[in-house]
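Me: I am new to this structure and would like a close look at a single part of it. Could you walk me through it gently?

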Amino acid sequence: MFPTFDGHNDLLLRLHNHPENREAIWLTGEGKGHLDLPRMQKGGFKAGFFAIYIPSPEAHDAPDYMAQMENPPFSIPLGDLITEPEALPIAMSMARQFLWMERSSQGQFKLCTTTAQIRDCLKANTIVGILHMEGAEAIDANLDNLYAFHAMGLRSLGPVWSRPTIFGHGVPFAFPSSPNTGEGLTDAGKRLIRACNELKIMIDLSHINEAGFNDVAALSDAPLVATHSNAHAITPSSRNLTDRQLHMIRESKGMVGLNYATSFLRRDGKQSGDMGWEDVLAHLDHLLENLGEDHLGLGSDFDGATLPDGIGDVTGQPALQQAMLDHGYGTALVQKICYDNWLALLDRTWGA
């Protein structure tokens, strides 16, 4: 079993929604969701980005939306903009839960803000947590909150989720669809990108539309990163990356994390876990061809998506690794995809 470094999960949302049950959710495991401390240890999860995410008042996992995604084609409208005063208490709740996870783990889980800390944790068999913000609704136009969250340990940020913010525009959940769905960054968004560069906060492009992607590429001096996205050429979802975007990421020495969400993996766009490894491996092959083997990793979307039945939860990652080996990927390449490439990317983004 290879150690895994994961590009994205939504465990903090589960803790925020059920704070009264957080010990069972995190420490002992309640048999629900995709992640908890015991299963992470069992599944070889060694490091990951933990997302602060503000759910839409009209959630995209409501039954009518889920039914649409079971039967493509579909185009689910973008959610409404959520203001900073609405978002900040929720974001703070999730940040508090993340810090509690570290305190309660008795040394088994650690917030890391440098690659030296990450390497020390790997040697000590301590799981690494990196604090990420998926959609910057909790950041004000003056960016004061950005500096405050940075002081709390924030080291990764996506300017948008799949709805507009004061900084830019996300892509809808749509299949088939191009990511070319609207305007680029706002003036505030351009200030946000510059500030993230200054603070060495990694910028995540997974939910941003094509015009916003282009603006970040023109402004940023850091590698371009999509923590949990797949290949549009295999599954033409608006959430997936075109070959042109993949080439831009490669040229910037950036990174893409393979998203396990079935609707972004399956060629038919269905949100169903009833699938084999064929489409998963097709995405991996295409991403490798267009990115090169130094720029591909894993970005599961654990606790935020429907997964292939063959993975199921974090304990299924060894099965994915075996599928890669059986497909002809050598052990050195699988090690890169599972762990090494994310660490090297953070060296390039944060500084070694």
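Which residues are buried in helix 13 (residues 317-326)?

Reply: Happy to help! A word on the basis: this is a predicted model, in which local features need pLDDT of at least 70 and side-chain atom pairs count only at pLDDT 80 or more, while totals for chains, interfaces and linings use all residues. Residues are numbered from 1 along each chain as its sequence is written, and side-chain values use heavy atoms, leaving out hydrogens and water.

In helix 13, the buried residues are Gln-317, Leu-320, Gln-321, Ala-323 and Met-324. Buried means under 20% relative accessible area, exposed over 50% and partly exposed in between, with a 1.4 Å probe and protein chains only. Helices are DSSP runs of H or I with at least four residues, strands are runs of E with at least two, and both are numbered from the N terminus.

Viewed down the helix axis, the buried residues of helix 13 fall within an arc of 155°, so they line one face of the helix. That arc is taken from the directions from the helix axis to the C-beta atoms. Their cover includes strand 1 (4-9), helix 3 (37-43), helix 12 (278-291), strand 11 (296-298) and helix 14 (331-350); here contact means heavy atoms within 4.5 Å. After helix 13 comes Gly-328, with a positive phi near 110°.

Now for the setting of this helix. The protein has 14 helices and 11 strands, and buried residues make up 60% of its 352 residues. Of its contacts with a separation of 6 or more, 74% are between residues 24 or more positions apart. The C-alpha atoms fill a box of roughly 45 × 45 × 40 Å along the principal axes.
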